[in-house]
Amino acid sequence: MTTSTESGTSLWPIEIKASTAPRSITERDAIMANPGFGKYFTDHMVRAKWTTEDGWHGEELVPYGPLMLDPATNVMHYGQAIFEGLKAYRHADGSIKTFRPIKNSERFARSARRLAMAELPDELFLGSIEALVRQDQAWVPSDQEKSLYLRPFMISTEVGLGVRPSNSYEYLLIASPAGAYFPQGVKPVSVWLSDEYVRAAPGGTGEAKCAGNYAASLVAQAEAAQHGCDQVVWIDAVERRWIEEMGGMNLYFVYGEGDSARIVTPQLTGALLPGITRESLLTVAEDLGIRADEGRISVEDWRDGCASEAISEVFACGTAAVITPVGQVKSRESGAWEVAGGRTGVLTMKLRQALLDIQTGAAPDRHNWMHTIC
Ligand SMILES: *Cc1c(COP(=O)(O)O)cnc(C)c1O
(Lines give C-alpha, C1' and ligand atoms only; values in the text may rest on other atoms or scores of the structure.)
Protein backbone atom coordinates (compact mmCIF):
# COMPACT_ATOMS: atom_id res chain seq x y z
CA MET A 1 0.00 0.00 0.00
CA THR A 2 1.24 3.48 -0.86
CA THR A 3 1.55 5.83 2.04
CA SER A 4 2.61 8.97 0.26
CA THR A 5 1.46 10.91 -2.77
CA GLU A 6 2.98 13.21 -5.38
CA SER A 7 1.80 16.10 -3.27
CA GLY A 8 3.98 14.77 -0.48
CA THR A 9 1.00 14.19 1.77
CA SER A 10 0.93 10.97 3.77
CA LEU A 11 -2.43 9.27 3.76
CA TRP A 12 -4.91 8.96 6.56
CA PRO A 13 -5.71 5.30 7.42
CA ILE A 14 -9.23 4.16 6.53
CA GLU A 15 -10.79 0.98 7.80
CA ILE A 16 -11.98 -1.23 4.92
CA LYS A 17 -15.33 -2.95 5.45
CA ALA A 18 -15.94 -4.32 1.96
CA SER A 19 -19.36 -5.31 0.68
CA THR A 20 -20.32 -8.99 0.79
CA ALA A 21 -22.84 -8.37 -2.01
CA PRO A 22 -21.19 -6.24 -4.74
CA ARG A 23 -22.89 -5.96 -8.13
CA SER A 24 -22.26 -8.89 -10.48
CA ILE A 25 -19.81 -8.47 -13.35
CA THR A 26 -22.69 -8.73 -15.82
CA GLU A 27 -24.59 -5.95 -14.05
CA ARG A 28 -21.50 -3.77 -13.81
CA ASP A 29 -20.64 -4.28 -17.48
CA ALA A 30 -24.18 -3.31 -18.49
CA ILE A 31 -23.93 -0.07 -16.47
CA MET A 32 -20.44 0.74 -17.74
CA ALA A 33 -21.52 0.29 -21.37
CA ASN A 34 -23.90 3.23 -21.00
CA PRO A 35 -23.28 5.02 -17.70
CA GLY A 36 -24.69 8.50 -18.48
CA PHE A 37 -23.78 10.96 -15.72
CA GLY A 38 -24.40 10.57 -11.99
CA LYS A 39 -26.99 7.83 -12.38
CA TYR A 40 -25.20 4.73 -11.07
CA PHE A 41 -22.88 4.39 -8.12
CA THR A 42 -20.09 1.96 -7.33
CA ASP A 43 -20.27 -0.73 -4.63
CA HIS A 44 -18.68 1.31 -1.85
CA MET A 45 -18.43 4.71 -0.23
CA VAL A 46 -16.17 6.30 2.37
CA ARG A 47 -17.46 8.07 5.45
CA ALA A 48 -15.88 9.93 8.36
CA LYS A 49 -17.28 11.89 11.28
CA TRP A 50 -16.22 15.07 13.01
CA THR A 51 -17.32 16.28 16.42
CA THR A 52 -16.11 19.19 18.52
CA GLU A 53 -14.94 16.73 21.20
CA ASP A 54 -13.13 14.18 19.03
CA GLY A 55 -12.28 15.93 15.76
CA TRP A 56 -12.15 13.57 12.75
CA HIS A 57 -12.74 9.91 13.57
CA GLY A 58 -14.55 6.76 12.39
CA GLU A 59 -13.02 6.84 8.89
CA GLU A 60 -14.28 3.78 7.04
CA LEU A 61 -14.98 2.38 3.61
CA VAL A 62 -18.37 0.68 3.67
CA PRO A 63 -20.91 -0.71 1.16
CA TYR A 64 -22.74 2.09 -0.74
CA GLY A 65 -26.12 2.66 0.83
CA PRO A 66 -28.67 5.06 2.36
CA LEU A 67 -27.95 7.31 5.31
CA MET A 68 -30.22 7.38 8.32
CA LEU A 69 -30.74 10.91 9.59
CA ASP A 70 -32.91 12.43 12.30
CA PRO A 71 -35.50 14.80 10.70
CA ALA A 72 -34.08 17.65 12.81
CA THR A 73 -30.56 17.19 11.37
CA ASN A 74 -29.05 20.65 10.81
CA VAL A 75 -28.25 20.25 7.09
CA MET A 76 -31.89 19.73 6.14
CA HIS A 77 -32.88 23.07 7.65
CA TYR A 78 -29.93 25.43 7.37
CA GLY A 79 -27.99 23.85 4.53
CA GLN A 80 -24.41 23.52 5.68
CA ALA A 81 -23.42 21.35 2.71
CA ILE A 82 -20.35 21.51 0.46
CA PHE A 83 -19.04 19.27 -2.29
CA GLU A 84 -16.28 18.62 -4.81
CA GLY A 85 -16.07 16.89 -8.18
CA LEU A 86 -13.10 15.18 -9.81
CA LYS A 87 -12.45 12.24 -12.10
CA ALA A 88 -10.31 9.09 -12.13
CA TYR A 89 -8.98 8.00 -15.52
CA ARG A 90 -7.60 4.65 -16.62
CA HIS A 91 -4.50 5.11 -18.76
CA ALA A 92 -3.39 2.81 -21.59
CA ASP A 93 -0.94 0.99 -19.26
CA GLY A 94 -3.84 0.08 -16.95
CA SER A 95 -2.85 2.54 -14.20
CA ILE A 96 -5.52 4.75 -12.62
CA LYS A 97 -4.91 8.45 -12.06
CA THR A 98 -6.75 11.53 -10.86
CA PHE A 99 -6.15 15.10 -12.03
CA ARG A 100 -4.77 17.59 -9.45
CA PRO A 101 -6.72 16.14 -6.49
CA ILE A 102 -4.80 18.31 -4.02
CA LYS A 103 -6.47 21.35 -5.65
CA ASN A 104 -9.89 19.85 -4.90
CA SER A 105 -8.81 19.17 -1.34
CA GLU A 106 -7.64 22.75 -0.84
CA ARG A 107 -10.86 24.15 -2.32
CA PHE A 108 -12.94 21.80 -0.15
CA ALA A 109 -11.17 23.18 2.93
CA ARG A 110 -11.83 26.77 1.78
CA SER A 111 -15.50 25.97 1.16
CA ALA A 112 -15.70 24.45 4.65
CA ARG A 113 -14.19 27.58 6.19
CA ARG A 114 -16.69 29.85 4.40
CA LEU A 115 -19.62 27.78 5.65
CA ALA A 116 -18.21 27.61 9.20
CA MET A 117 -17.78 23.83 8.85
CA ALA A 118 -14.94 21.59 10.03
CA GLU A 119 -12.00 21.46 7.61
CA LEU A 120 -11.08 18.05 6.27
CA PRO A 121 -7.29 17.45 6.32
CA ASP A 122 -5.67 16.87 2.88
CA GLU A 123 -4.47 13.47 4.14
CA LEU A 124 -8.05 12.36 4.73
CA PHE A 125 -9.42 13.85 1.49
CA LEU A 126 -6.71 12.15 -0.60
CA GLY A 127 -6.77 9.02 1.57
CA SER A 128 -10.52 8.60 1.01
CA ILE A 129 -10.08 8.92 -2.76
CA GLU A 130 -7.26 6.36 -2.83
CA ALA A 131 -9.24 3.93 -0.68
CA LEU A 132 -12.44 4.13 -2.74
CA VAL A 133 -10.79 4.10 -6.17
CA ARG A 134 -8.59 1.11 -5.21
CA GLN A 135 -11.54 -0.80 -3.80
CA ASP A 136 -13.82 -0.04 -6.76
CA GLN A 137 -11.12 0.04 -9.46
CA ALA A 138 -13.15 -2.31 -11.69
CA TRP A 139 -15.55 0.65 -12.04
CA VAL A 140 -12.95 2.88 -13.72
CA PRO A 141 -13.74 2.63 -17.46
CA SER A 142 -10.90 1.83 -19.85
CA ASP A 143 -12.59 3.65 -22.72
CA GLN A 144 -10.73 6.98 -23.34
CA GLU A 145 -13.95 8.98 -23.37
CA LYS A 146 -15.18 7.64 -20.02
CA SER A 147 -14.05 8.10 -16.43
CA LEU A 148 -15.04 7.48 -12.82
CA TYR A 149 -16.54 10.67 -11.39
CA LEU A 150 -15.77 11.17 -7.70
CA ARG A 151 -18.06 13.20 -5.47
CA PRO A 152 -16.69 14.12 -2.03
CA PHE A 153 -19.17 16.04 0.14
CA MET A 154 -19.79 17.14 3.71
CA ILE A 155 -22.97 17.85 5.66
CA SER A 156 -23.75 19.20 9.11
CA THR A 157 -25.24 16.52 11.34
CA GLU A 158 -26.08 18.15 14.67
CA VAL A 159 -29.68 17.35 15.62
CA GLY A 160 -31.75 20.39 16.63
CA LEU A 161 -33.22 23.55 15.18
CA GLY A 162 -30.92 26.08 16.86
CA VAL A 163 -29.24 28.32 14.30
CA ARG A 164 -25.46 28.07 14.77
CA PRO A 165 -22.57 26.18 13.21
CA SER A 166 -23.16 22.49 13.79
CA ASN A 167 -21.10 20.66 16.44
CA SER A 168 -20.83 17.58 14.21
CA TYR A 169 -20.24 16.89 10.52
CA GLU A 170 -20.13 13.89 8.24
CA TYR A 171 -17.82 13.60 5.25
CA LEU A 172 -18.76 11.18 2.49
CA LEU A 173 -17.21 10.12 -0.79
CA ILE A 174 -19.22 8.36 -3.50
CA ALA A 175 -18.24 7.44 -7.07
CA SER A 176 -20.16 7.17 -10.33
CA PRO A 177 -18.98 5.95 -13.75
CA ALA A 178 -19.35 8.74 -16.31
CA GLY A 179 -19.81 8.41 -20.05
CA ALA A 180 -18.67 10.77 -22.79
CA TYR A 181 -20.20 14.18 -22.09
CA PHE A 182 -20.87 14.64 -25.80
CA PRO A 183 -21.77 11.16 -27.08
CA GLN A 184 -22.72 12.72 -30.45
CA GLY A 185 -19.54 14.83 -30.64
CA VAL A 186 -18.82 18.29 -29.21
CA LYS A 187 -21.73 20.64 -29.88
CA PRO A 188 -21.99 24.36 -28.99
CA VAL A 189 -24.51 25.32 -26.31
CA SER A 190 -26.87 28.29 -26.28
CA VAL A 191 -26.87 30.54 -23.21
CA TRP A 192 -29.33 32.90 -21.53
CA LEU A 193 -27.89 35.98 -19.80
CA SER A 194 -29.62 36.11 -16.45
CA ASP A 195 -30.52 39.73 -15.68
CA GLU A 196 -33.11 39.06 -13.01
CA TYR A 197 -31.38 36.48 -10.82
CA VAL A 198 -27.78 36.64 -9.64
CA ARG A 199 -25.67 33.69 -8.56
CA ALA A 200 -23.40 35.40 -6.07
CA ALA A 201 -22.79 38.82 -4.54
CA PRO A 202 -19.69 40.34 -2.91
CA GLY A 203 -19.32 38.87 0.56
CA GLY A 204 -21.57 35.93 -0.34
CA THR A 205 -20.72 32.29 -0.98
CA GLY A 206 -19.84 32.51 -4.70
CA GLU A 207 -16.31 31.19 -4.14
CA ALA A 208 -17.49 28.20 -2.12
CA LYS A 209 -18.62 24.98 -3.76
CA CYS A 210 -21.74 24.74 -1.62
CA ALA A 211 -25.10 23.12 -2.27
CA GLY A 212 -26.95 26.39 -1.60
CA ASN A 213 -25.37 28.11 -4.61
CA TYR A 214 -26.89 25.43 -6.80
CA ALA A 215 -30.29 25.62 -5.09
CA ALA A 216 -30.34 29.37 -5.76
CA SER A 217 -29.37 28.91 -9.42
CA LEU A 218 -32.10 26.51 -10.51
CA VAL A 219 -34.82 29.09 -11.13
CA ALA A 220 -32.51 30.94 -13.55
CA GLN A 221 -31.60 27.66 -15.24
CA ALA A 222 -35.34 27.02 -15.68
CA GLU A 223 -35.74 30.52 -17.11
CA ALA A 224 -32.91 29.80 -19.58
CA ALA A 225 -34.73 26.65 -20.67
CA GLN A 226 -37.96 28.64 -21.16
CA HIS A 227 -36.05 30.87 -23.57
CA GLY A 228 -34.83 27.82 -25.45
CA CYS A 229 -31.31 28.00 -24.00
CA ASP A 230 -29.18 25.15 -22.67
CA GLN A 231 -27.43 27.08 -19.91
CA VAL A 232 -27.55 30.26 -17.87
CA VAL A 233 -24.72 32.85 -17.83
CA TRP A 234 -24.30 34.86 -14.63
CA ILE A 235 -23.68 38.61 -14.57
CA ASP A 236 -22.16 40.43 -11.56
CA ALA A 237 -24.61 41.43 -8.83
CA VAL A 238 -23.49 45.06 -8.35
CA GLU A 239 -23.19 46.67 -11.78
CA ARG A 240 -25.14 43.96 -13.61
CA ARG A 241 -22.64 44.29 -16.37
CA TRP A 242 -19.66 41.96 -16.00
CA ILE A 243 -19.74 38.36 -17.17
CA GLU A 244 -18.99 35.88 -14.38
CA GLU A 245 -19.56 32.25 -15.34
CA MET A 246 -21.91 29.76 -17.01
CA GLY A 247 -24.01 27.42 -14.86
CA GLY A 248 -21.44 25.25 -13.10
CA MET A 249 -18.57 26.14 -15.44
CA ASN A 250 -16.11 29.01 -15.94
CA LEU A 251 -15.90 30.93 -19.22
CA TYR A 252 -13.12 31.81 -21.68
CA PHE A 253 -13.23 34.35 -24.53
CA VAL A 254 -10.95 33.98 -27.56
CA TYR A 255 -9.77 37.27 -29.08
CA GLY A 256 -8.24 37.29 -32.56
CA GLU A 257 -7.41 34.26 -34.65
CA GLY A 258 -4.50 32.09 -35.70
CA ASP A 259 -1.08 32.98 -34.28
CA SER A 260 -2.30 36.22 -32.73
CA ALA A 261 -5.19 34.58 -30.84
CA ARG A 262 -5.28 35.12 -27.08
CA ILE A 263 -7.72 33.91 -24.45
CA VAL A 264 -9.26 35.82 -21.55
CA THR A 265 -11.23 34.46 -18.60
CA PRO A 266 -13.19 36.62 -16.13
CA GLN A 267 -10.97 37.44 -13.15
CA LEU A 268 -11.80 35.95 -9.75
CA THR A 269 -13.67 38.60 -7.81
CA GLY A 270 -14.87 36.51 -4.89
CA ALA A 271 -18.20 35.91 -6.62
CA LEU A 272 -16.84 33.33 -9.09
CA LEU A 273 -16.07 29.71 -8.35
CA PRO A 274 -12.32 29.26 -8.88
CA GLY A 275 -12.37 26.29 -11.24
CA ILE A 276 -9.42 23.93 -11.43
CA THR A 277 -10.05 23.46 -15.17
CA ARG A 278 -10.01 27.26 -15.57
CA GLU A 279 -6.71 27.53 -13.73
CA SER A 280 -5.15 24.61 -15.61
CA LEU A 281 -6.12 26.09 -18.98
CA LEU A 282 -4.18 29.28 -18.20
CA THR A 283 -1.09 27.04 -18.08
CA VAL A 284 -2.05 24.72 -20.97
CA ALA A 285 -2.58 27.77 -23.20
CA GLU A 286 0.88 29.13 -22.35
CA ASP A 287 2.34 25.67 -23.12
CA LEU A 288 0.78 25.93 -26.58
CA GLY A 289 2.16 29.44 -27.04
CA ILE A 290 -1.24 31.09 -26.62
CA ARG A 291 -1.40 34.18 -24.47
CA ALA A 292 -3.85 33.69 -21.59
CA ASP A 293 -5.09 36.44 -19.27
CA GLU A 294 -7.64 37.10 -16.58
CA GLY A 295 -9.72 40.21 -17.20
CA ARG A 296 -13.13 41.84 -17.24
CA ILE A 297 -15.63 41.26 -20.05
CA SER A 298 -18.95 43.11 -20.08
CA VAL A 299 -22.15 42.06 -21.81
CA GLU A 300 -21.57 44.84 -24.39
CA ASP A 301 -17.96 43.71 -24.93
CA TRP A 302 -19.25 40.24 -25.67
CA ARG A 303 -22.01 41.38 -28.04
CA ASP A 304 -19.93 44.03 -29.84
CA GLY A 305 -16.88 41.76 -29.94
CA CYS A 306 -18.87 39.09 -31.76
CA ALA A 307 -20.32 41.68 -34.17
CA SER A 308 -16.86 43.09 -35.03
CA GLU A 309 -15.31 39.60 -34.97
CA ALA A 310 -12.78 40.74 -32.35
CA ILE A 311 -14.10 37.81 -30.31
CA SER A 312 -13.71 34.69 -32.43
CA GLU A 313 -14.75 31.94 -29.97
CA VAL A 314 -16.21 31.51 -26.49
CA PHE A 315 -16.13 28.35 -24.41
CA ALA A 316 -16.97 27.12 -20.92
CA CYS A 317 -14.80 24.79 -18.85
CA GLY A 318 -15.18 22.49 -15.87
CA THR A 319 -14.43 18.95 -14.70
CA ALA A 320 -17.62 17.30 -15.99
CA ALA A 321 -17.58 18.48 -19.63
CA VAL A 322 -13.90 19.64 -19.80
CA ILE A 323 -14.62 22.28 -22.49
CA THR A 324 -17.97 23.20 -24.03
CA PRO A 325 -18.23 25.70 -26.90
CA VAL A 326 -20.79 28.50 -26.62
CA GLY A 327 -22.59 29.12 -29.92
CA GLN A 328 -25.52 31.38 -29.14
CA VAL A 329 -26.36 34.12 -26.64
CA LYS A 330 -29.83 35.41 -25.75
CA SER A 331 -30.80 38.16 -23.33
CA ARG A 332 -33.75 40.34 -22.39
CA GLU A 333 -32.02 43.72 -22.65
CA SER A 334 -29.12 43.23 -25.04
CA GLY A 335 -30.65 41.11 -27.77
CA ALA A 336 -29.43 37.83 -29.20
CA TRP A 337 -26.29 37.01 -31.16
CA GLU A 338 -24.15 34.20 -32.46
CA VAL A 339 -20.62 33.34 -31.42
CA ALA A 340 -18.30 32.02 -34.13
CA GLY A 341 -21.31 31.57 -36.45
CA GLY A 342 -22.73 29.08 -33.93
CA ARG A 343 -19.93 26.63 -34.67
CA THR A 344 -17.21 25.05 -32.52
CA GLY A 345 -14.01 27.11 -32.72
CA VAL A 346 -10.59 25.78 -33.69
CA LEU A 347 -8.85 26.99 -30.53
CA THR A 348 -11.66 25.64 -28.35
CA MET A 349 -11.03 22.16 -29.75
CA LYS A 350 -7.25 22.53 -29.59
CA LEU A 351 -7.32 23.42 -25.89
CA ARG A 352 -9.90 20.73 -25.17
CA GLN A 353 -7.74 18.08 -26.81
CA ALA A 354 -4.57 19.31 -25.10
CA LEU A 355 -6.14 19.07 -21.64
CA LEU A 356 -7.84 15.73 -22.35
CA ASP A 357 -4.53 14.32 -23.63
CA ILE A 358 -2.87 15.15 -20.30
CA GLN A 359 -5.76 13.69 -18.31
CA THR A 360 -5.98 10.48 -20.33
CA GLY A 361 -2.21 10.00 -20.61
CA ALA A 362 -1.98 10.61 -24.38
CA ALA A 363 0.38 13.55 -23.75
CA PRO A 364 3.26 13.93 -21.26
CA ASP A 365 2.34 15.32 -17.86
CA ARG A 366 4.75 18.28 -17.85
CA HIS A 367 3.38 19.87 -14.71
CA ASN A 368 3.09 16.74 -12.59
CA TRP A 369 -0.69 17.16 -12.42
CA MET A 370 -1.59 13.48 -12.59
CA HIS A 371 -1.76 11.63 -9.30
CA THR A 372 -1.34 7.86 -9.58
CA ILE A 373 -3.64 5.76 -7.42
CA CYS A 374 -2.85 2.28 -8.66
C1 LIG B 1 -17.26 23.24 -9.82
C2 LIG B 1 -17.63 24.50 -10.50
C3 LIG B 1 -16.89 25.04 -11.58
C4 LIG B 1 -15.75 24.31 -12.26
O5 LIG B 1 -14.73 23.91 -11.42
P6 LIG B 1 -13.72 22.76 -11.86
O7 LIG B 1 -12.79 22.68 -10.71
O8 LIG B 1 -13.05 23.21 -13.10
O9 LIG B 1 -14.53 21.53 -12.07
C10 LIG B 1 -17.26 26.27 -12.09
N11 LIG B 1 -18.31 26.94 -11.59
C12 LIG B 1 -19.06 26.46 -10.58
C13 LIG B 1 -20.22 27.25 -10.08
C14 LIG B 1 -18.75 25.22 -10.00
O15 LIG B 1 -19.50 24.75 -9.00
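Student: What makes the pairing of the ligand with the side chain of Arg-107 a polar contact?

Tutor: An oxygen atom of the ligand is 2.8 Å from an N or O atom in that side chain, and a polar contact is a pair of N or O atoms within 3.5 Å, so this pair counts. A nitrogen atom of the ligand also lies 2.6 Å from a side-chain N or O atom of Glu-245. Remember that the model is predicted, with local features needing pLDDT of at least 70 and side-chain atom pairs 80 or more, while totals for chains, interfaces and linings use all residues. Numbering starts from 1 along each chain as its sequence is written, and side-chain values use heavy atoms, without hydrogens or water.

Student: Why is α6 called roughly perpendicular to α8?

Tutor: Helix α6 (residues 276-287) packs against α8 (residues 346-360) at about 105°. Since 65 to 115 degrees counts as roughly perpendicular, the name fits.

Student: How do you know which residues of α6 and α8 meet?

Tutor: Contact means heavy atoms within 4.5 Å. Among those meeting are Thr-277 and Leu-281 in α6, and Leu-351 and Ile-358 in α8.

Terms used
Axes are lines fitted to C-alpha atoms, for helices over the stretch in contact, and angles run from 0 to 180 degrees between N-to-C directions. Helices (H or I, at least four residues) and strands (E, at least two) are DSSP runs, numbered from the N terminus. Angles under 35 degrees count as roughly parallel, over 145 as roughly antiparallel, 65 to 115 as roughly perpendicular and the rest as oblique. A polar contact is a pair of N or O atoms within 3.5 Å; within protein, one must be able to donate a hydrogen and the other to accept it, and residues adjacent in sequence count only if both atoms are side-chain atoms.
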